[in-house]
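I am opening this notebook to record what I looked up in a structure that is new to me. My entries follow the order in which I went through it.

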Amino acid sequence: MKFTLAERIKKLPPYLFAEIDRKKQEKIDQGVDVIDLGVGDPDMPTPEPIVEAAKKALEKPENHRYPSYVGMMAFREAVARWYKKRFGVELDPSQEVITLIGSKEGIAHFPLAFVDKGDVVICPDPAYPVYSIGTLFAGGEVYKVPLLEKNNFLPDIDSIPEEVVKRAKIIWINYPNNPTSAKATKDFYKRLVDWAKKNNIIIASDFAYSEIYTGEEKPISILEIEGAKDVVIEFHSLSKTYNMTGWRIGMAVGNRELISALGKVKTNIDSGQFQVVQEAGIVALELGEDVVDGIRKTYKERKKAMIEALESAGLEIYKSDFTFYLWIKVPEGFTSAQFVAKLLDEAGIVCTPGNGFGEYGEGYFRISLTVPTDRLLEAAERISRLKL
Ligand SMILES: *Cc1c(COP(=O)(O)O)cnc(C)c1O
C-alpha cells in the first residue's frame, strides 16, 4: 500500500517544536534536571467542588447516554448567568450559547460554517495556531495581520489592504493575548465592531484568558460593546480559569446565526460533550470568586519572582497584568531559536521561541508560569545567574 496524504495535511507548516523536543529529551538523557516553561497548561489541580460534582454526575444513568448536540440547557443557562454576572452581557441560553468540547474544538470547526475556497480569514501573527489551521482545513486563505509591540500588540485594521477586506469573512482576535499577554481596550473593540459591520466581516473572539489577570483591572468582553452581538461570536473555555484543560469543556456565545451555523457543523461531526463534564462545568461557573482569586494570587507571585529574575539577567519583558505568560525580547545578536537553545543548554530551561507563533513572533520568547512555584523559583534562580 502507498498512502498519499491530503494536500491540507501536506501543507501544514513544519512543526517548529520538534527540534526543541528532541534537544529537551537529549538533556534529560544526559541527566540534566530540565524545567519546562514551554507549555501553557495549568499545573494546579481542578478545584475540589468541581471534581466532587463530576463524581456525583457519573453515578447518574441518564448521563451515560448521548448528550444533546448543542449542550445541556442547564450548562448553557449557567454560562448565560456567568456572562451576565461577570460582564453584564445578556445571552439567550437557548440560541446564543453552545457547549464546546473545549474551545479549540469550536475554533477549529467554526470556519467550516462560513469559509469557502477563495474566502479570506484575517488571523493575528503571532497567535495560537488553530485560527489559521482551521481556515486552511476549510479551504480558505489566511491573511496575517501583525501584532506589533509599538501598537501594544493590537492589529492595525487600517493596514489591511482593501482587496483583502473585500474577500474577508472572519477576523480572529484573542485578548488577553496568548502569546504576548497584551490586553484589548474598549476603544479598540469599538473601532473593530464598527469596521466589521461596515465591511460585513465576522469577529471571532477567543476569550480563553478572561479570568487570568494579576492586577486590579479585569478584562472586558467585546460583547460589552453596544451592537457587538450583530457581528461577534466569542469562544470561551473553562480550561484556564478552573485548571480544567483535561476535561475539554468550553462554550461559544454571541450572535445567534453564528452560533446556529457552528451548531450545524458540530451536529455532523461530534455528538456533544459528556454530560458529566457539563454538570461539573455548571459547578465551576457557580464557584465563589475566592477560588479563582487564589489561583490568580499564585500566578501573581510567580510572575513577580520571574520578572525579577529575568530583569536581573538583563532581559526586557513586555509587562502586563494578563495571562500566565511572559513575552520577552531575545537579547541582541540572537534569533528566537538560538536564544531558546542557549537557555536549554546553559540553564536546563525549556521555553517557546516567538517564531513558533508566527513570523512576527521572531525576536521574542515565551515563558509559561504553569509549573509548581518551587520549580519556577528554581528556574528564576538559574536565569538570574546567566551571563547574557
Ligand atoms: C488554552 C487556549 C485555548 C483554550 O483551549 P481549550 O481547547 O478550551 O482547552 C484557546 N485559545 C488560546 C489562545 C489558548 O491559549
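**Entry 1, the pocket.** I began with the lining of the largest pocket, which by class has 25 nonpolar, 14 polar and ten charged residues. The model I am reading is a predicted one, and I keep that in mind for every value noted here. I found that the largest pocket holds about 1,400 Å³ of space, and that 49 residues line it. Of these lining residues, F17, Y128, P129, V130 and F357 are the ones that lie nearest the centre of the pocket.

I then asked myself which helix gives the largest share of the lining of the largest pocket. I noted α6 as the answer, with seven residues. Looking for helices that supply at least two residues of this lining, I wrote down α2 (18-29), α5 (103-114) and α6 (130-137).

**Entry 2, α5 against α6.** Since α5 and α6 both appear in the lining, I next looked up how they pack, and found an angle of about 35° with the axes 7 Å apart. The crossing in which α5 passes α6 is right-handed. On the α5 side I listed K104, I107, A108, P111 and L112, which meet V130, Y131, G134, T135 and F137 of α6. Sorted by class, the residues of this contact are seven nonpolar, two polar and one charged. I noticed that V130, which meets α5 as part of α6, is also among the residues nearest the centre of the largest pocket.

**Entry 3, α4 against α10.** I turned to helix α4 (residues 73-87) and helix α10 (residues 275-285), whose axes are 9 Å apart and make an angle of about 20°. The two helices are therefore roughly parallel to each other, and their crossing is left-handed. In this contact I found A74, F75, A78, V79 and W82 of α4 meeting Q278, G281, I282 and L285 of α10. The division by class gives seven nonpolar and two polar residues, with no charged ones.

**Entry 4, α11 against α13.** I then followed helix α11 (residues 289-312) to helix α13 (residues 373-385), and noted that their axes come within 7 Å and cross at roughly 10°. That angle makes α11 roughly parallel to α13, and I recorded the crossing of the pair as left-handed. From α11 the contact takes in T298, R302, A305, M306, A309, L310 and S312, while α13 brings T373, L376, L377, A379, A380, I383 and S384. By class, I have nine nonpolar, four polar and one charged residues in the contact of α11 with α13.

**Entry 5, the backbone in two loops.** Where in the chain does P126 sit? I located P126 in the loop between β3 (120-125) and α6, and saw that the peptide bond leading to P126 from D125 is cis, with omega near 5°.

A cis peptide bond also joins N178 and P179, where omega is about 15°. I placed P179 in the loop between β5 (168-173) and α8 (186-199). S181 is found in the loop between β5 and α8 as well, and I looked up its backbone angle before closing the entry. Phi of S181 is near 75°, which is a positive value in a residue other than glycine.

Notes: Residues numbered from 1 in each chain as written. Predicted model: local features only at pLDDT ≥ 70, side-chain atom pairs only at ≥ 80, totals over all residues. Heavy atoms only, no water. Axes fitted to C-alpha atoms, helices over the stretch in contact; angles between N-to-C directions. Parallel < 35°, antiparallel > 145°, perpendicular 65-115°, else oblique. Left-handed = near helix turned anticlockwise from the far one by under 90°. Contact = heavy atoms within 4.5 Å. Nonpolar A, V, L, I, M, F, W, Y, C, P; charged D, E, K, R; others polar. 1 Å grid on protein atoms, 1.4 Å probe; cavity = no way out; pocket = protein on both sides within 12 Å on 5 of 7 lines; lining within 4 Å. Points joined across faces, edges and corners; volume = space filled by probe spheres on them.
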